[in-house]
Amino acid sequence: MGLLDGKVAIVTGAGHGIGRGEALELARQGAAVVVNDVGGSVHGEGSDKRAAEGVAEVIKGAGGRATANFDDVADWSGAQRMVRQAVEEFGKLDVVVNNAGIVRDAMLFSMSEGDFDAVVRVHLKGTFAVTHHAANYWRDESKAGRQPRAAIVNTVSSAGLQGNVGQANYGAAKAGIAALTVISSLELARYGVRANAVAPGGMTRITATLRKDAEVKEPDELEGADYDHMNPANSAPMVAWLASDDALHVTGQVFRAVGHRITHYQPWTLGPTVETKGGPARWEASDIGPAVNAFIFGSRAPGLQIGG
Ligand SMILES: NC(=O)c1ccc[n+]([C@@H]2O[C@H](COP(=O)([O-])OP(=O)(O)OC[C@H]3O[C@@H](n4cnc5c(N)ncnc54)[C@H](O)[C@@H]3O)[C@@H](O)[C@H]2O)c1
């Protein structure tokens, strides 16, 4: 018995790294998997069908059900084709794991318009495009009287939720995906669809752009080896659980799942508030500093120094 027996899943960017580990784990848990991957470089150039085909073959070789898909997640009709392929080949769609990604790191003063657009396109638009077409399918199913039990698992990063130097494009896209996750959970609940996000970790092509000594190994190459904190498959069990009906009570949540640790991200939350003295009125700009310093930062004039 697997957690995902009878489910049909799409995993985007499943040809390498973390997505590859997720596709293999979802299949191990009983899901039929549409293995999507455009097969491009880590910076988003080129295409190669072997990435997705190879993973689909590994799954089928282990007795699972899989089909390869080569569409670009951020291509509007490509995202629609991916959803249709799941339904045509496996009869339905229950799970979407939006994982595909690229990087083009630079300090923001050096980052080109093209590098900003390319990274935001794959991560943020790609997550939206696949989610949009899957949401239409699930809404139609619900209206036809077949209420889905479906799940979206998006992929975020500490680079977006906590910030990281050199990743203005990537971090902004990942923070956007966290917001998209919360909004998806609110809009799709009535159609039986949950949406959560995971910040994964592992030694992959993306990590290797930052660590020159890195040795990148795919999850199936590490199969059977001793526990390795940087195995890209380590985040996959959390994704499988969130995708499963064991997590029917979990939606709109973001988790970090790296190595042996699972951590719940606290969302943006309203904190201490200050109000104008003497009842509602527009603030005088010069009154704001003393009020904020005293009641929000807990310090009196001259206030906090930048970087202090
Ligand atoms: N590696 C980490 O430690 C880490 C940390 C936080 C977040 N992430 C996120 O995990 C996800 C997977 O990254 P990874 O580290 O496994 O890198 P990776 O390069 O090994 O895998 C990314 C995959 O996405 C595919 N892809 C890229 N653009 C695509 C597109 N337009 N359409 C379809 N497929 C596309 C690539 O071909 C590749 O196979 C990304 O979203 C990344 O931002 C990774």
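Start by selecting strands β5 and β6 (residues 193-199): they pair in the parallel sense over six bridges. Pairing here means that DSSP finds at least two bridges between two strands. Helices (H or I, at least four residues) and strands (E, at least two) are DSSP runs, numbered from the N terminus. Before going further, note that this is a predicted model, in which local features need pLDDT of at least 70 and side-chain atom pairs count only at pLDDT 80 or more, while totals for chains, interfaces and linings use all residues. Residues are numbered from 1 along each chain as its sequence is written.

**Stop 1: strand β5 and its partners**

Stay with β5 and pick Ile-152, which stands opposite Ala-195 in β6. Now add β4 (residues 95-98), which runs parallel to β5 and is joined to it by four bridges. Here Val-96 has Ile-152 as its bridge partner in β5.

Is β5 enclosed or open to the outside? Six of the six residues of β5 (residues 150-155) are buried, so the strand is largely enclosed by the rest of the structure. Buried means that 20 or more other C-beta atoms lie within 10 Å of a residue's own; 12 or fewer makes it exposed, anything in between partly exposed, and the C-beta atoms are placed from the backbone. Colour Ala-150, Ile-152 and Asn-154 in one shade and Ala-151, Val-153 and Thr-155 in another: the two sets point opposite ways from β5, and all are buried. In a regular strand the side chains alternate between the two faces of the sheet.

Next, show helix α4 (residues 113-143) together with β4 and β5; the three make a right-handed β-α-β unit. To check the hand, point the strands away from you: the path from the first strand over the helix to the second runs clockwise in a right-handed crossover.

**Stop 2: the whole sheet**

Zoom out and select the strands in the order β3-β2-β1-β4-β5-β6-β7-β8, eight in an open sheet with mixed pairing. The edges are β3 (66-69) and β8 (261-264), each pairing on one side only. From one strand to the next, the twist averages 20 degrees. Axes are lines fitted to C-alpha atoms, for helices over the stretch in contact, and angles run from 0 to 180 degrees between N-to-C directions.

Where is an antiparallel pair? Go to β7 (residues 254-258) and β8, which run antiparallel and are joined by four bridges. Val-258 has Arg-261 as its bridge partner in β8.

**Stop 3: helices beside the sheet**

Select α2 (residues 50-61), which lies across β2 (32-36) and β3 and runs at about 180 degrees to β3. Then add α3 (residues 76-90): this helix packs on the sheet, touching β1 (8-11), β2 and β3, and its direction makes about 150 degrees with that of β2.

Bring in α1 (residues 17-28), whose axis comes within 10 Å of that of α2 and crosses at roughly 25 degrees. The two helices are therefore roughly parallel. Angles under 35 degrees count as roughly parallel, over 145 as roughly antiparallel, 65 to 115 as roughly perpendicular and the rest as oblique. Arg-20, Ala-23, Leu-24 and Ala-27 of α1 make the contact with Val-55, Val-58 and Ile-59 of α2. Contact means that two C-beta atoms, placed from the backbone, lie within 7 Å.

Which residues of α3 and α4 meet? Trp-76, Ala-79, Gln-80, Met-82, Val-83 and Val-87 of α3 face Ala-129, Val-130, His-133, Ala-134 and Tyr-137 of α4. The axes of α3 and α4 come within 8 Å and cross at roughly 45 degrees. That makes α3 oblique to α4.

**Stop 4: two single residues**

Pick Phe-70, in the loop between β3 and α3. This residue is buried, with 20 other C-beta atoms within 10 Å. Phe-70 and Val-38 are 32 residues apart in sequence, yet 4.8 Å apart in space, C-alpha to C-alpha. Leaving aside neighbours within four places in sequence, Phe-70 is in contact with Val-38, Gly-39, Ser-47, Lys-49 and Ala-52.

Finish at Tyr-170 in helix α6 (residues 168-188). Tyr-170 counts as buried, with 25 C-beta neighbours inside 10 Å. Beyond the neighbours within four places in sequence, Tyr-170 is in contact with Val-103, Val-119 and Ala-159.
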